[in-house]
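Grab a coffee and work through these short exercises with the structure open beside you. Each one has a task, then a solution in steps.

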Amino acid sequence: MATNLQAASPPTSCEGHILFAGRLIPRKGCRWFVENVRTEIPIKIAGTIWDEKESEVLKHPRVEFLGPLSQEKLLSEYRRALCVVVPNIEIDGDFEGFGLVAPEAAAVGGVVLAARTGGLVEAVQDGVTGFLLASGEPAEWESKLGEIAAWDYQRRHEFIALSMAKAQRRYSWSRVAEEVLEVYRSR
């Protein structure tokens, strides 16, 4: 996870686009999301191409490919997006681990929408640090996108402030270090 997740305060506005950050591989679900979730909201993709078939999504007219970003630029993109999507799809024999994008984005002020699958169910506190949605169910994703796009400033600010506080506390390196140290002390 990024080492500098602390942000001074919740972002005051967003740019009205969706952000996907990660490797372009089938399990991450970026291509599935773009092709199946019906929305007019533009999508920015930050990351690397690992699968040429998945890279076909970059030709979609709503997609802007940012490529790999520095940590500083990625954290800024999380904050500027309407929401950060982690739309993983289930593929036999290919399991998602913890999913660092979700807590990292929440900790700096991103509104996270993640698939309810694999390690993402541990990475996102549903309704607190983001929202867990059914993997592979476009209608549920469309509904939540519409809801978030309709939030007024106050609703957005309140959600992000709580999400940031919870994610920073839950995923801080100091908390992790304390818990690891406690394990060693108990032996």
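**Exercise 1. Place Y184 in this predicted model, then decide whether Y184 is buried or exposed.**

Step 1: Find the element. Y184 sits in helix 7, which covers residues 173–185.

Step 2: Check the accessibility. Y184 has a relative accessibility of 61%, and the cut-off for exposed is over 50%, so Y184 counts as exposed.

Step 3: Look for nonpolar company. Together with V180 and L181, Y184 makes a nonpolar surface patch of about 310 Å².

**Exercise 2. Work out whether S163 is buried or exposed, and list what S163 touches beyond its sequence neighbours.**

Step 1: Locate S163. You'll find S163 in helix 6, residues 153–170.

Step 2: Apply the cut-off. Buried means under 20% relative accessible area. S163 comes in at 1%, so S163 is buried.

Step 3: List the contacts. Skip the neighbours within four places in sequence, and S163 is in contact with A106, V128, T129 and G130.

**Exercise 3. Describe the largest nonpolar core and find the helix that gives the most to it.**

Step 1: Get the count and the hubs. This core holds 50 residues, and F33, Y78, L113 and W141 have the most contacts inside it.

Step 2: Find the top contributor. That's helix 3 (residues 101–108), which supplies five residues to this core.

Step 3: Zoom in on one hub. Neighbours within four places in sequence aside, F33 contacts I18, I43, V85, P87, W141 and L145.

**Exercise 4. How many disulfides does the whole structure have, and which cysteine sulfur is nearest to that of C30?**

Step 1: Run the search. Across the whole structure, the count is zero disulfides.

Step 2: Test C30. The nearest cysteine sulfur belongs to C83 and lies 12 Å away, while a disulfide needs the sulfurs within 2.5 Å, so C30 is in no disulfide.

Step 3: Check the surroundings. C30 has a relative accessible area of 3%, so C30 is buried. C83 is at 0%, which means C83 is buried too.

**Exercise 5. Go through the salt bridges and say how exposed the partners are.**

Step 1: Start with the total. The whole structure has six salt bridges.

Step 2: Take K59 and E56. Their closest N and O atoms are 3.1 Å apart, and the two form a salt bridge. K59 is exposed, because its relative accessibility is 63%. E56, at 41%, counts as partly exposed.

Step 3: Turn to R80 and E77. Here the closest N and O atoms are 2.9 Å apart. Both residues lie in helix 2 (residues 71–80), three residues apart, or about one turn of the helix. R80 is partly exposed at 29% relative accessibility, whereas E77 is buried, with a relative accessible area of 9%.

Step 4: Try E140 and R116. Their side chains meet in a salt bridge at 4.0 Å, N to O. This pair links distant parts of the chain, 24 residues apart: E140 belongs to helix 5 (residues 138–149), and R116 to the loop between strand 5 (112–115) and helix 4 (120–123). E140 is partly exposed at 30% relative accessibility, and R116 is partly exposed at 40%.

Step 5: Look for shared partners. R31, E35 and E54 are joined into one network by salt bridges that share partners.

Key:
Residues are numbered from 1 along each chain as its sequence is written. This is a predicted model: local features need pLDDT of at least 70, side-chain atom pairs count only at pLDDT 80 or more; totals for chains, interfaces and linings use all residues. Side-chain values use heavy atoms; hydrogens and water are left out. Helices (H or I, at least four residues) and strands (E, at least two) are DSSP runs, numbered from the N terminus. Buried means under 20% relative accessible area, exposed over 50%, partly exposed in between (1.4 Å probe, protein chains only). Contact means heavy atoms within 4.5 Å. A nonpolar core is a set of buried Ala, Val, Leu, Ile, Met, Phe, Trp, Tyr and Cys residues joined through side-chain atoms within 4.5 Å. Patches are made of residues with over 30% relative accessible area and no salt bridge: like charges are joined within 9 Å, nonpolar side chains (Val, Leu, Ile, Met, Phe, Trp, Tyr) within 5 Å. Accessible areas come from the Shrake-Rupley method with a 1.4 Å probe; for residues, only the protein chains shown count as cover.
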